Amino acid sequence: MESVDFILTTDRCLMTNHHGKEFLGFLGTGPAIGVPESAWKWLACPKMKTDNMGRPWEAPYGMRKVEAKLIDEGFKAAIIDPDHLAPHLKNAKALMFSHHDYFAFGPPSSTWWGITKQEPVNYKSFQELINKPEVQEAKKRGVKMIAGGPSVWQWLWREDMIEKVGIDTLVDGEAERVIGKLAQMIIDGDDLPRYMYVSGEDVPGIEDIPDIKGASVNGLIEIMRGCARSCRFCSVTLRPTRYYPLEKIEREIQVNVRAGVKHGVIHSDDVLFYGAVGILPRPEPLIKLHKMVKKYYKTIAWSHASLAAIRFSEEKYGLISKLSEIIYENGSQNYLGVEVGIETGSPRLAKEIMPAKSAPYKPESYPETVSEAFKIMHEHNIIPAGTMIVGLPEEKEEDVNRTIELVDNLRSYRSILVPMFFVPMGYFKNKDWFTRIQLSPSHIELYKKVFWHDVYWAEDILNSFYMKGPVYYPVRMILKLFLRVAKRRMKQVEAWLESQMKA
């Protein structure tokens with residue numbers, strides 16, 4: 001077996017393609033509900049196909065970038081599936097972990113954990129990885145342990161785990177300009193820094209960012225980095241904006257297509273910002289992008305888009321209509337999935353913590369912008385997962401009530417709403433956790449409203465758009481079973497709450 005000096009890996013909840021349906025990955029952020037945990041894990045994170053060396057067919061995109069950078073700089077590196085680590089670790093010099101949510105402190109996971117009081121599947125899955133005998137034995141032999149990825153900040157809240165796992169270095173930020181230096185230090189036997197923070201001067205330019213060399217999970221390809229909205233709760237806005245040229249994007253799509261990937265996700269923190277002037281979308285680069293992507297992929301999704309950009313693009317240019325024509329051309333697909341950040345229905349909070357989130361519209365009219373964007377998406381078969389932040393540091397009861405009003409106004413638009421506990425990132429990095437306080441009656445009312453909204457539209461989406469065809473029949477059945485169980489339990493909870501109020 002070919003020797004690998006630098007092994008990159010993650011646990012099963014990320015080393016998977018979620019049956020080719022990215023949204024199913026959200027289920028991995030919660031505990032098993034209504035079905036056995038083994039069935040839940042199969043539904044959220046089935047095992048990935050590998051070659052005879054244990055290299056996965058598809059791997060998380062960020063890990064593919066680090067793998068490519070190490071290879072380009074002359075190091076022997078490879079992403080290895082977590083079930084195939086043992087033979088590679090015998091000769092490895094370093095094991096590099098990456099994760100989107102190491103200790104389930106992220107917004108979806110911490111919300112599930114806070115409500116159910118049960119450990120999320122992704123938390124348990126990472127614990128299984130770091131407790132594998134081959135991982136512990138490798139550390140004893142002196143193999144260096146490196147942790148990076150978007151949730152590396154979580155190790156700073158769990159310093160006990162740094163010692164337990166034996167993490168030598170935490171890499172915080174975009175790694176392309178620092179990972180080679182770290183690898184060389186390991187080769188040379190130099191002392192490693194405990195913490196490497198990628199500051200503004202170390203942020204990679206386009207020329208520093210390599211093309212991926214293996215297929216990414218669900219054909220995800222990055223089109224830009226950074227965001228100009230400057231929301232105070234978000235860490236992405238701390239990075240400069242950089243646009244990938246179309247040729248670079250096309251090369252990465254071709255890597256996926258050659259590996260047999262036929263469906264893809266266009267990734268950015270706001271897809272409609274690609275080629276923008278400041279925060280104002282421009283039709284030409286977006287139309288060129290989508291025409292190029294659809295030459296290769298049968299179906300696509302957007303990872304994220306902002307609601308103000310959706311509204312502005314359609315009202316100013318009819319751009320959502322034009323992009324829909326490209327996306328749905330020849331009947332290749334009949335809907336588009338995307339995650340959008342609602343955050344709050346309170347104009348006061350919108351003005352206080354995310355004044356540019358509604359631009360070019362006024363923060364005072366933010367709820368109107370949300371409703372108009374949802375209407376536009378509904379009319380164009382764009383199905384959003386709308387995230388909301390519950391428990392922001394400045395939040396008051398009236399703010400929660402305004403969010404409840406917004407949820408009522410969105411009832412007629414096909415969507416899944418996802419309220420999540422506040423997590424201290426970006427400007428709020430040192431704020432206290434919302435999970436330390438109790439949900440108020442208005443928070444409980446908000447969650448109830450969201451639940452019945454989601455159940456109604458989840459059934460419609462399953463019946464009309466999602467998981468069509470016989471190959472997805474088992475997945476559809478488990479999802480429908482989950483919805484039935486969830487509705488029954490919610491009715492029991494509502495009955496209990498009503499009895500408590502009367503007591």
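In β3, Ile7 has Leu95 as its bridge partner. That pair belongs to the parallel run of β1 alongside β3, which four bridges join. This is a predicted model, so read everything here as computed from that prediction.

On to the other neighbour of β3. β3 and β4 also pair in the parallel sense, this time over five bridges. Phe97, for instance, finds its bridge partner in β4 at Ala147. One step further along, β4 (residues 144–148) meets β5 (residues 169–172), again parallel, over two bridges. There, Ile146 sits opposite Thr169 of β5.

Put together, these strands are part of an open, parallel sheet of six, ordered β2-β1-β3-β4-β5-β6. The edges belong to β2 (77–79) and β6 (195–197); each has a single partner strand, so one side of each goes without a neighbour in the sheet. From one strand to the next, the twist averages 20°. Helix α2 (residues 61–72) lies across β1 (6–9), β2 and β3 (94–98), and it runs at about 165° to β2.

How buried is β3? Five of its five residues are buried, so β3 is largely enclosed by the rest of the structure. Both of its faces are covered, with Ala94, Met96 and Ser98 buried on one side and Leu95 and Phe97 buried on the other. As a general point, side chains in a regular strand alternate between the two faces of the sheet.

Ser98 is worth a stop of its own. This residue lies in strand β3, and it counts as buried because its relative accessibility is 17%, against a cut-off of under 20%. Setting aside neighbours within four places in sequence, Ser98 touches Thr9, Thr10, Leu14, Met63, Gly148 and Gly149. Met63 falls within the span of α2, residues 61–72, while Gly148 falls within that of β4, residues 144–148.

There is another open sheet, this one with three strands in the order β7-β10-β11, and its pairing is parallel too. Here β7 (221–222) and β11 (299–302) take the edges, and since each has a single partner strand, one side of each is left without a neighbour in the sheet. β7 and strand β10 (residues 263–267) run parallel and are joined by two bridges. Within that pairing, Ile221 has Ile266 of β10 as its bridge partner. Helix α10 (residues 283–296) packs on this sheet, touching β10 and β11, and its direction makes about 140° with that of β11.

Now for the empty spaces. How many cavities of 30 Å³ or more does the structure hold? Just one. Here is that largest cavity next to the second largest pocket:

| Space | Volume | Lining by class |
|---|---|---|
| Largest cavity | about 60 Å³ | six nonpolar, two polar, three charged residues |
| Second largest pocket | about 200 Å³ | five nonpolar, two polar, seven charged residues |

The lining of the largest cavity consists of Glu343, Thr344, Leu349, Met388, Ile389, Val390, Glu395, Asp399, Val400, Thr403 and Leu446. The elements giving two or more residues to that lining are β14 (382–390) and α15 (397–409).

As for the second largest pocket, 14 residues line it, and Arg12, Lys41, Asp83, Ser125 and Glu128 lie nearest its centre. Two or more lining residues come from each of α1 (37–44) and α5 (121–130).

Finally, two residues outside the sheets. Thr111 lies in helix α4 (residues 107–116). At 5% relative accessibility, Thr111 counts as buried. Its contacts beyond four places in sequence are Pro419, Met420, Phe421 and Tyr447. Thr111 and Phe422 are 311 residues apart in sequence, yet 8.7 Å apart in space from C-alpha to C-alpha.

Ser365 is in the loop between α13 (347–353) and α14 (366–379). Is Ser365 buried or exposed? Neither quite: at 22% relative accessibility, Ser365 counts as partly exposed. Ser365 and Pro107 are 258 residues apart in sequence and 26 Å apart in space, again C-alpha to C-alpha.

Methods. Residues numbered from 1 in each chain as written. Predicted model: local features only at pLDDT ≥ 70, side-chain atom pairs only at ≥ 80, totals over all residues. Heavy atoms only, no water. Pairing = 2+ DSSP bridges. Axes fitted to C-alpha atoms, helices over the stretch in contact; angles between N-to-C directions. Contact = heavy atoms within 4.5 Å. 1 Å grid on protein atoms, 1.4 Å probe; cavity = no way out; pocket = protein on both sides within 12 Å on 5 of 7 lines; lining within 4 Å. Points joined across faces, edges and corners; volume = space filled by probe spheres on them. Nonpolar A, V, L, I, M, F, W, Y, C, P; charged D, E, K, R; others polar. Buried < 20%, exposed > 50% of the residue type's maximum accessible area, 1.4 Å probe, protein only.
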